[in-house]
Amino acid sequence: MTLTNNAKATLLLCSHLALQHSQAKPLTLKEWNELAECIVHSSVKEPANLILMNAEQMQMELGITSEFAKKLETLISRGANLAFSIDELERKSIYILTRSDDKYPARLKKLLGKNCPPVVFYCGDLALLNEKCIAIVGSRNIDEDGQQFAIKLTEKAVSQGYGICSGGARGVDQLSEETALLNGGKCISIVADSMTKKIKLKNVREYISSGKLLLLSAVHPESPFSVGNAMARNKYVYALSQAAYVVASDYQKGGTWAGAVENLKNHWVNTFVWNTDRYKGNAALIKLGAYPINDSLDSFSTELIDKSMAVNEQISLYPEVIKREE
């Protein structure tokens, strides 16, 4: 894997790669966005130039506090160990993209703007990002009827030439992924915890090798599960899809509800919800503006899906992608 100096700087500042517990914590998304603004409006111009600077120089050039400058210096100082961590991931077929890379998922940039992750880990064929897909999401615990509807919906989507994007969690997400792959479809799975653990599964490795499955993650490939990471993943699932289908949702609680409401609020893509009284959240989401779909899936329309991409063309790209290295 060949990384630009801008990508290396982003990794050093925003990821846990080669980071010891005693060292400073990586920058949060908010901190990174603020720093990127400072960089582009200073003589520094791009993140790569920070690698050659000490804390005093960064404080002077960027107008930041001495404490924050020392944190940046500490994070950058582990550069010598970064290559070893990258090589270790490559041996597991896990690769890295940063927001300054040309291959970074374009839909994340377009729809999420500065809310897209600075660093993305992946395993599989990135070409799947260029194919049309829908998100199928839902609660972890669903009854038999809910499972059958999720299966029927997935089979319908695959038959119409759509791939499936999901969070890979137990329940609807996992069921839709498995159904799509078993029916010859393709799948993008957004992993919120240990990617290294998932790729050890034989069937996962086989689907990845055959070009049917792409794993993406905004967290370190060995990260344990956390509610925060799982909730943050929701927006990536929606943003990488052309439309989203909610099979089952709790009311005003849980990741499915939060993700659907966030999407309805931001108008990333159209949200379709199974019109059933089995799950209290479903009716509430329809009242909030989601499109109802019936048991027979008569309203599953490729025309509606293809028109549902609500990309805001007036977004401003973040500073670190303005300038490219030759």
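In the predicted model, the largest cavity is lined by Leu108, Pro117, Val120, Ile190, Leu216, Ser217, Ala218, Tyr236 and Leu240. By class, this lining comprises eight nonpolar residues and one polar residue, with no charged residue. The volume of the largest cavity is about 50 Å³, and a search of the whole structure returns one cavity of 30 Å³ or more. Rolling a probe the size of a water molecule over the atoms shows where empty space is left.

Open pockets were examined next. The largest pocket has a volume of about 690 Å³. Its lining is formed by 32 residues, of which Cys14, His16, Ala218, Val219 and Asn229 are the closest to the pocket centre. Ala218 also belongs to the lining of the largest cavity. Two or more residues of the lining of the largest pocket come from each of α2, β2 (119-123), β5 (187-191) and α11 (227-239). The contribution of α11 is the greatest, at six residues. Divided by class, the lining of the largest pocket contains 17 nonpolar, 10 polar and five charged residues.

The second largest pocket has a volume of about 540 Å³. Among the 24 residues of its lining, Gly168, Gln174, Glu177, Lys198 and Leu201 are the closest to the centre. At least two lining residues are supplied by each of α8 (172-182), β5, α9 (195-198) and α10 (202-209). Helix α8 provides the largest share, with five residues. The lining of the second largest pocket consists of 11 nonpolar, five polar and eight charged residues. Strand β5 thus appears among the contributors to the largest pocket and among those to the second largest pocket.

Lys198, one of the residues closest to the centre of the second largest pocket, is located in helix α9. Its relative accessibility is 19%, and Lys198 therefore counts as buried, the cut-off being under 20%. When neighbours within four places in sequence are left aside, Lys198 is in contact with Gly168, Glu177, Ser189, Val191, Val204 and Leu215. Two of these partners, Gly168 and Glu177, are likewise listed among the residues closest to the centre of that pocket.

The packing of two helices was then considered. In helix α4 (residues 66-76), the buried residues are Phe68, Ala69, Leu72, Leu75 and Ile76. Viewed down the axis of α4, these residues fall within an arc of 125°, so they line one face of the helix. An α-helix has 3.6 residues a turn, so residues three or four places apart point the same way. Glu67 and Lys70 are exposed on the other side of α4. The buried residues of α4 pack against four helices, namely α1 (5-14), α2 (29-40), α3 (55-62) and α5 (79-91).

In helix α13 (residues 280-287), Gly281, Asn282, Ala284 and Leu285 are buried. These residues pack against β7 (244-246), α12 (254-266) and β8 (271-274). Gly289, just after α13, takes a positive phi of about 125°.

Positive phi values are also found at residues other than glycine. Most residues other than glycine have a negative phi, and most peptide bonds are trans. Ser93 has a positive phi near 65° and is situated in the loop between α5 and β1 (95-98). With a relative accessibility of 35%, Ser93 counts as partly exposed. His267, which is not a glycine either, has a positive phi of about 60°. The position of His267 is in the loop between α12 and β8, and its relative accessible area of 54% makes His267 exposed.

Finally, the cysteines were considered. The count of disulfides in the model is zero. Cys38 is in no disulfide, as the nearest cysteine sulfur, that of Cys14, is 14 Å away, whereas a disulfide requires sulfur atoms within 2.5 Å. Cys38 counts as partly exposed, with 29% relative accessibility. Cys123 is likewise in no disulfide, and the cysteine sulfur nearest to that of Cys123 belongs to Cys187, 13 Å away. At 4% relative accessibility, Cys123 counts as buried.

Notes:
Residues numbered from 1 in each chain as written. Predicted model: local features only at pLDDT ≥ 70, side-chain atom pairs only at ≥ 80, totals over all residues. Heavy atoms only, no water. 1 Å grid on protein atoms, 1.4 Å probe; cavity = no way out; pocket = protein on both sides within 12 Å on 5 of 7 lines; lining within 4 Å. Points joined across faces, edges and corners; volume = space filled by probe spheres on them. Nonpolar A, V, L, I, M, F, W, Y, C, P; charged D, E, K, R; others polar. Buried < 20%, exposed > 50% of the residue type's maximum accessible area, 1.4 Å probe, protein only. Arc of directions from axis to C-beta. Contact = heavy atoms within 4.5 Å.
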